[in-house]
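Work through these exercises with the structure open beside you. Try each task before you read its solution.

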Amino acid sequence: MNETANSSARPEAVRARIAPEARILAVSGSPRKGGNSDKIALQALAAAGEAGVPGSLVRLVDYRFGPCIGCERCRRDKACTAQLDGMQLLYPQVERSLGLLLVSPVHNYNVTAWMKAFIDRLYCYYDFGSTRPGEWSTRLADQGRKAAVVSVGEQHGSEGIGLTLEAMRLPLQALGYELVAETPVTGVFERGRVAGDAGAMDRIGDLGRRLAGAVK
Ligand SMILES: Cc1cc2nc3c(=O)[nH]c(=O)nc-3n(C[C@H](O)[C@H](O)[C@H](O)COP(=O)(O)O)c2cc1C
């Protein structure tokens, strides 16, 4: 098939490139509204706001989107043109925000399904060469993008966290973000209970300020 034959049918809006600004997009991967991840994200945003960097929270569960289907159309289109779903509302926010904060509850030693799907859908920002396995680069790199990641889980200590922090940190670094802070929050189970953990909230405030300082 001629790869350019359908180019007029491709949606231009999803291919738009937006210049990044000094702001933070906080992404909560929890399915629990008002849960610990939401509280953590809001605390970090509040601290960043006090430091002069605005931001906003998105809760992935509020968006209808699917996981990456591996069609590889984005290699050609430089955007995800296969799934015109809720991710199309999130891509502009990702592009516009120099700072990205990912917060995920630990679900079975890993990020939640929502967070994994979100991260996989960022695959469309890669540029790949034609060799296999080939060289690659990313269109989010070299723009001064900074990120921070936070996990929250019921178990105490590092064992209960499993892969959660790495599952966010490694893909963000590959995408071209510099990781400026990460922290696990442990021993928190009930919805929203983290708000009563002064030590954890202090650490999250520090993380928010550090991310804000990095994108200023
Ligand atoms: C399906 C599922 C799996 C979980 N697996 C783990 C786990 O492996 N380790 C852990 O420490 N906590 C685990 N938890 C507990 C949650 O991480 C914990 O309740 C967390 O505070 C929830 O955050 P949220 O309120 O932002 O959703 C699990 C919870 C659920 C629902």
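**Exercise 1. Two sides of helix 6**

Task: Which exposed residues does helix 6 carry on the face turned away from its buried side? Then find the buried residues of helix 6.

Solution:
Step 1. Start with the outward face. Ala198, Gly199 and Asp202 are exposed there, on the face of helix 6 turned away from its buried side. Keep in mind that this is a predicted model.
Step 2. List the buried residues of helix 6. They are Ala200, Ile204, Leu207, Gly208, Leu211, Ala212, Ala214 and Val215.
Step 3. Look down the axis of helix 6. The buried residues fall within an arc of 160°, so they line one face of the helix.
Step 4. Recall the general rule. An α-helix has 3.6 residues a turn, so residues three or four places apart point the same way.
Step 5. Check the length. Helix 6 covers residues 198-215, which makes 18 residues. At 1.5 Å a residue, the expected span is 26 Å. The end C-alpha atoms are 26 Å apart, so the two values agree.

**Exercise 2. Helix 1 and its crossover**

Task: How many residues of helix 1 are buried? Then follow the chain from strand 1 through helix 1 to strand 2.

Solution:
Step 1. Check the length of helix 1, residues 36-50. Its 15 residues should span 21 Å at 1.5 Å a residue. Its end C-alpha atoms are 21 Å apart, which agrees.
Step 2. Count the buried residues. Helix 1 is mostly covered, with 11 of its 15 residues buried. Among them are Asn36, Ser37, Asp38, Lys39 and Ile40.
Step 3. Turn to the strands. Strand 1 (residues 21-28) is joined to strand 2 (residues 55-59) by five bridges, and the two run parallel. Ser28 stands opposite Arg59 in strand 2.
Step 4. Now follow the chain. From strand 1 it crosses through helix 1 to strand 2, and this β-α-β crossover is right-handed.
Step 5. Find another partner of strand 1. Strand 1 and strand 3 pair in the parallel sense over six bridges. Here Ile24 stands opposite Gly99.

**Exercise 3. Strand 6 and its neighbours**

Task: Which residues lie on the two covered faces of strand 6? Then name the strands that are joined to strand 6.

Solution:
Step 1. Count the buried residues. In strand 6 (residues 146-152), seven of seven residues are buried.
Step 2. Sort them by side. Lys146, Ala148, Val150 and Val152 are buried on one side. Ala147, Val149 and Ser151 are buried on the other.
Step 3. Look at strand 3 (residues 97-105). Seven bridges join strand 3 to strand 6, and the two run parallel. Pro105 has Val152 as its bridge partner.
Step 4. Look at strand 7 (residues 178-185). Strand 6 and strand 7 also run parallel, joined by seven bridges. Val149 has Glu182 as its bridge partner.
Step 5. Trace the connection. The chain goes from strand 6 through helix 5 (residues 164-175) to strand 7, in a right-handed β-α-β crossover.

**Exercise 4. Unusual backbone angles**

Task: Where is Asn108 placed, and is Asn108 buried or exposed? Then do the same for Tyr109, and find the cis peptide bond at Pro133.

Solution:
Step 1. Recall the general rule. Most residues other than glycine have a negative phi, and most peptide bonds are trans.
Step 2. Take Asn108. Its phi is positive, about 50°, although Asn108 is not a glycine. Asn108 sits in the loop between strand 3 and helix 4 (113-121). It has 9 C-beta neighbours inside 10 Å, so it counts as exposed.
Step 3. Take Tyr109. Its phi is also positive, about 65°. Tyr109 lies in the loop between strand 3 and helix 4. With 14 C-beta neighbours inside 10 Å, Tyr109 counts as partly exposed.
Step 4. Find the cis bond. It joins Arg132 and Pro133, with omega about -15°. Pro133 is in the loop between strand 4 (126-128) and strand 5 (136-138).

**Exercise 5. Around the ligand**

Task: Which residues come nearest to the ligand? How do the residues of the shell divide by type?

Solution:
Step 1. There are 18 residues around the ligand. Ser30, Gly35, Ser37, Pro105 and Gly153 come nearest.
Step 2. Sort the shell by type. Six residues are nonpolar, nine are polar and three are charged.
Step 3. Link back to earlier exercises. Ser37 is one of the buried residues of helix 1, and Pro105 is the bridge partner of Val152 in strand 6.

Notes
Residues numbered from 1 in each chain as written. Predicted model: local features only at pLDDT ≥ 70, side-chain atom pairs only at ≥ 80, totals over all residues. Near = placed C-beta within 6 Å. Nonpolar A, V, L, I, M, F, W, Y, C, P; charged D, E, K, R; others polar. Buried ≥ 20, exposed ≤ 12 C-beta atoms within 10 Å, placed from the backbone. Helix = DSSP H or I, 4+ residues; strand = E, 2+ residues; numbered from the N terminus. Pairing = 2+ DSSP bridges. Right-handed = clockwise from strand over helix to strand, strands pointing away. Expected span 1.5 Å × (residues − 1). Arc of directions from axis to C-beta.
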